[in-house]
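I opened a fresh notebook page for this one. My plan is to look at the surface, then the core, then the charged pairs.

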Amino acid sequence: MSRIPREDVGTSASHPLESREARDEEDRRDLAACQSGDPASLERLYRRHAAGLMGLARRMLRRAEEAEDVVQETFLSVWRGAAPFRGE
């Protein structure tokens, strides 16, 4: 998975009127697509969630480089672990 430039990463504020249920359903659809090997679905998940994860990682680790690595590894784990995921 190639790195997506920071300016292309969405934030949770980018969809302020969207309900949590709709966002959760979108995530479930994209996880199911990841299980089928669809890399575009992983990119959509990344664009929706990377900014929030990056903020959390930066607060915890206090180093941008380490935070970027953790976020990247997180999404690689999502990609690798999507097949057995049951959505529970």
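Which helix gives the most to the nonpolar patch? I found that helix 2 (residues 39-61) does, with three residues; helices here are DSSP runs of H or I, at least four residues, numbered from the N terminus.

Before going on, I noted that this is a predicted model, where local features need pLDDT of at least 70, side-chain atom pairs count only at pLDDT 80 or more, and totals for chains, interfaces and linings use all residues. Residues are numbered from 1 along each chain as its sequence is written, and side-chain values use heavy atoms, leaving out hydrogens and water.

Core next. I looked up the largest nonpolar core (buried Ala, Val, Leu, Ile, Met, Phe, Trp, Tyr and Cys joined through side-chain atoms within 4.5 Å; buried is under 20% relative accessible area, exposed over 50%, partly exposed in between, with a 1.4 Å probe and protein chains only). This core has 11 residues, including Leu 31, Leu 45 and Phe 75. Helix 1 (20-35), helix 2 and helix 3 each give two or more, and helix 2 gives the most, with six.

Then I checked salt bridges (a side-chain nitrogen of Lys or Arg within 4 Å of a carboxyl oxygen of Asp or Glu). I got 10 by this rule. Arg 28 pairs with Glu 25, at 3.2 Å between the closest N and O atoms. Glu 25 also meets Arg 29, at 3.9 Å. Arg 63 and Glu 66 form another, at 3.0 Å. I also saw one network of shared partners joining Glu 26, Asp 27, Asp 30, Asp 38, Arg 44 and Arg 48.
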